[in-house]
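Morning, everyone. One structure today, and a few minutes on it. Here it is on the screen.

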Amino acid sequence: MGVVMLRRRPGTPTLEEVAALAGVGRGTVSRVINNAAGVRDTTRRAVQRAIAELGYVPNLAARTLAGRRADAVALVMTEPDWRQFGEPFFSEIVRSVGDALTETEVQLLLTLVRTDAERQRLVEYARGGRVDGVMLMSVHAADPLPDMLAEVGLPTVLLGRRSGDESVTYVDADNVGGARTAVSHLLDTGRRAIATITGPPDMYVARCRLRGYREALERAGVEARESWTAQGDFSADSGHRAMAELIERAPEIDGVFAASDTMAAGALGALRAAGRRVPDDVAVIGFDDFPLAQHTDPKLTTVRQPLEEIGHTMVRLLLEEMEEPSAAWRHVIHRTELVLRGSA
């Protein structure tokens with residue numbers, strides 16, 4: 001991960017020791033330290049007594065009292081596969097976040113977290129005052145890292161979310177609505193056997209785009225057959241494999257909604273290899289509107305999610321939280337737009 005493990009000095013009380021003495025969880029201690037709402041007065045007093053008895057000083061609070069800041073934020077990719085970092089999505093987000101920080105004095109640190117050990121190292125690194133806030137991207141459903149960072153009181157913003165009831169501050173695109181618009185367009189142009197290539201099922205973004213696909217078919221009275229769905233992992237190779245699989249088992253397909261532009265590009269290659277003309281035989285729509293979409297053959301019709309605005313919003317929310325911590329999580333969802341080109 002490229003960070004240094006910070007070790008606690010002997011005798012320094014920990015958040016866990018405060019929680020144990022007060023008879024509460026770590027999260028409750030964190031909320032008391034940050035003066036957050038939702039803690040009973042009796043519980044708050046118990047935590048305050050434990051803090052006083054142990055002489056506990058939170059790292060972040062100590063840094064604030066000293067008037068010092070790291071003037072650095074971390075952009076953390078929580079994707080277990082290094083190869084995914086080469087996908088356009090991540091480079092676009094890094095660019096937009098970097099641009100948003102250009103006018104500030106804040107340094108951007110990039111890191112990759114894949115294992116439990118790396119998660120713990122990042123939390124210890126952050127607790128030590130090395131960064132003032134964290135932005136997380138590519139978070140999977142069961143990832144505990146956002147909660148671990150929240151428990152130590154570190155300002156945190158997610159790109160996307162782990163589930164529909166995400167509590168941590170996040171910025172997202174309207175994935176359901178964007179997918180629904182794409183499939184509705186295919187239906188409006190006369191397509192009826194419409195397949196989809198999904199992302200990983202443990203990512204909420206993939207489930208939302210699949211939901212939008214199904215909703216559009218249901219509203220049009222078209223049955224969503226199981227044979228019309230194939231799973232990818234947002235990469236071009238997985239889009240090619242999924243499309244080849246769909247062609248073999250459902251040759252009647254005349255439209256495809258791929259849950260990312262890179263998978264749509266892979267699907268175009270598989271259709272070409274199978275002798276299927278796009279859009280004459282099969283219309284194809286992607287999701288993202290990466291620069292890649294204008295360099296495929298034919299150019300790709302796609303759902304634009306405004307990655308530049310999303311990156312800027314992440315930075316704005318994080319900087320605001322660093323300046324004045326809020327008692328409430330904030331959730332921002334950006335609108336999407338269908339961009340028509342030659343593939344549909």
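Let me start with charge pairs. A search of the whole structure turns up 19 salt bridges. Keep in mind that this is a predicted model. I'll walk through three of the pairs.

Pair number one is Asp143 with Arg119. Their closest N and O atoms sit 2.9 Å apart. Where are the two residues? Asp143 is in the loop between β3 (133-137) and α7 (145-151), and Arg119 is in helix α6, residues 116-127. That puts them 24 residues apart, so the pair links distant parts of the chain. Buried or exposed, then? Asp143 has 7% relative accessibility, so Asp143 counts as buried. Arg119 comes in at 14%, so Arg119 is buried as well. The cut-off for buried is under 20%.

Next pair: Glu252 and Arg225. Here the closest N and O atoms are 3.6 Å apart. Both ends are in loops. Glu252 is in the one between α10 (236-249) and β8 (255-258), while Arg225 is in the one between α9 (204-219) and β7 (229-231). The residues are 27 apart in sequence, so the salt bridge ties those parts together. What about accessibility? Glu252 is partly exposed, at 37%. Arg225 is partly exposed too, at 40%.

Third pair: Arg330 and Glu321. Their side chains meet in a salt bridge at 4.0 Å, N to O. Arg330 is partly exposed, with 27% relative accessibility. Glu321 is buried, with 14%. This pair also belongs to a network. Which residues are in it? Arg316, Glu320, Glu321 and Arg330, linked by salt bridges.

As general background, side chains of opposite charge can pair when their charged atoms come close.

Now the overall picture. The chain has 344 residues, and 52% of them count as buried. Its secondary structure comes to twelve helices and twelve strands. On contacts, take the ones between residues at least 6 apart in sequence. Of those, 73% join residues at least 24 apart. The accessible surface is about 16000 Å², and carbon and sulfur atoms account for 48% of it.

On to the sheet. What is the strand order? β7-β6-β8-β9-β10-β12, six strands in an open sheet with mixed pairing. The edges are β7 and β12 (337-339), and each of them pairs on one side only. From one strand to the next, the twist averages 20°.

Zoom in on one edge. Strand β6, residues 194-198, runs parallel to β7, and three bridges join them. Which residue in β7 partners Ile197? Ala230. In general, strands of a sheet pair through backbone hydrogen bonds, either parallel or antiparallel.

A helix covers this part. α10 lies across β6, β7 and β8, and runs at about 150° to β7. We met α10 and β7 before: the loop after α10 holds Glu252, and the loop ahead of β7 holds Arg225.

Last residue: Glu215, in helix α9. Glu215 has a relative accessible area of 18%, so Glu215 is buried. What does Glu215 touch? Leaving out residues up to four places away in sequence, Val176 and Arg180.

To recap: a buried Asp143 bridged to Arg119, a four-residue salt-bridge network around Glu321 and Arg330, and an open six-stranded sheet with α10 lying across β6, β7 and β8. That's the tour.

Definitions and conventions
Residues are numbered from 1 along each chain as its sequence is written. This is a predicted model: local features need pLDDT of at least 70, side-chain atom pairs count only at pLDDT 80 or more; totals for chains, interfaces and linings use all residues. Side-chain values use heavy atoms; hydrogens and water are left out. Helices (H or I, at least four residues) and strands (E, at least two) are DSSP runs, numbered from the N terminus. Buried means under 20% relative accessible area, exposed over 50%, partly exposed in between (1.4 Å probe, protein chains only). Contact means heavy atoms within 4.5 Å. Accessible areas come from the Shrake-Rupley method with a 1.4 Å probe; for residues, only the protein chains shown count as cover. Two strands pair if DSSP finds at least two bridges between them. Axes are lines fitted to C-alpha atoms, for helices over the stretch in contact, and angles run from 0 to 180 degrees between N-to-C directions.
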